[in-house]
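Open your viewer and get ready to click along. This short tour tells you what to select at each stop and what you should find there.

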Amino acid sequence: MPARPITNIKFYEVDTRKSGLKMLEHDRLDFFLDTEAELQEALQEGYLDVDAFQIETLLRLTVHLAFAENERGRQLRQIYDERMAELAVSGELLPIYKKWDLPYPFENSQQ
């Protein structure tokens, strides 16, 4: 028999990640949604007994930068594009992508 969908969910916004994790630990929440990187950082600080909970990745989002359509935005976009190209060619970006287990989009950029 397939699981019934959960339809009666109450959402609460918490002031801090620490308070949300403490509410989870004290059974005041059934689950806590957060970004993986920020959650891992909070867990490393010991806000929660990791072994007592199940952590699941629900989805991965692709994030894109946007620059304003004005002179300052165009300048910032140019700086960003030039510097990212330099970092890709130098190989400085590769360790960052590896650290976060992200696909490396600059394979053809390395020397």
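How do the residues of the lining of the second largest pocket divide into nonpolar, polar and charged? Keep in mind as you look that this is a predicted model.

**Stop 1: the second largest pocket**

The second largest pocket has a volume of about 380 Å³. Select Lys-10, Phe-11, Tyr-12, Leu-29 and Phe-31, which are the closest to its centre among the 13 residues that line this pocket. Now for the opening question: the lining divides into nine nonpolar residues, one polar and three charged.

**Stop 2: the largest pocket**

Next, go to the largest pocket, which holds about 1600 Å³ of space. Its lining is made by 38 residues, and you can centre the view by selecting Thr-35, Glu-36, Ala-37, Leu-59 and Arg-60, the ones that lie nearest the centre of the pocket. Colour the lining by residue type and you will get 24 nonpolar, six polar and eight charged residues.

Which helix gives the most to this lining? Helix 2 does, with five residues. To see the helical parts of the wall, show helix 1 (17–25), helix 2 (36–44) and helix 4 (94–99), each of which supplies at least two lining residues.

**Stop 3: helix 1**

Stay with helix 1 and select Gly-20, Leu-21, Met-23 and Leu-24, which are buried. Look down the axis: these residues cover an arc of only 155 degrees around it, which puts them on the same side of helix 1. Here is a handy rule for such views: an α-helix has 3.6 residues a turn, so residues three or four places apart point the same way.

What covers this buried set? The cover includes helix 2. Before leaving, click on Asp-27, which follows helix 1 and has a positive phi, near 60 degrees.

**Stop 4: helix 2**

Now select Leu-39, Ala-42 and Leu-43, the buried residues of helix 2. Seen down the axis, they cover an arc of only 100 degrees, which puts them on the same side of helix 2. Show helix 1 together with them, as the buried residues of helix 2 pack against helix 1. Just after helix 2, pick out Gly-46, where phi is positive at about 85 degrees.

**Stop 5: an aromatic cluster**

The structure holds four aromatic pairs. Start with Tyr-97 and Tyr-104: their ring centres are 5.3 Å apart and their planes stand at 85 degrees, so the pair is edge-to-face. Are these two tyrosines buried or exposed? Tyr-97 is buried, with a relative accessible area of 18%, and Tyr-104 is buried too, with a relative accessible area of 12%.

Keep Tyr-104 selected and add Phe-106. The ring centres of Tyr-104 and Phe-106 lie 5.5 Å apart with their planes at 70 degrees, so this pair is also edge-to-face. Put the three together and you have one aromatic cluster, formed by Tyr-97, Tyr-104 and Phe-106.

**Stop 6: Lys-98**

For the last stop, select Lys-98, which is found in helix 4. Is Lys-98 buried or exposed? Its relative accessibility is 61%, and exposed means over 50%, so Lys-98 counts as exposed. Finish with the distance tool, going from the C-alpha of Lys-98 to the C-alpha of Tyr-80: the two are 21 Å apart in space and 18 residues apart in sequence.

Conventions. Residues numbered from 1 in each chain as written. Predicted model: local features only at pLDDT ≥ 70, side-chain atom pairs only at ≥ 80, totals over all residues. Heavy atoms only, no water. 1 Å grid on protein atoms, 1.4 Å probe; cavity = no way out; pocket = protein on both sides within 12 Å on 5 of 7 lines; lining within 4 Å. Points joined across faces, edges and corners; volume = space filled by probe spheres on them. Helix = DSSP H or I, 4+ residues; strand = E, 2+ residues; numbered from the N terminus. Nonpolar A, V, L, I, M, F, W, Y, C, P; charged D, E, K, R; others polar. Phe/Tyr/Trp six-rings, centres within 6.5 Å; stacked < 30°, edge-to-face > 60°. Buried < 20%, exposed > 50% of the residue type's maximum accessible area, 1.4 Å probe, protein only. Arc of directions from axis to C-beta. Contact = heavy atoms within 4.5 Å.
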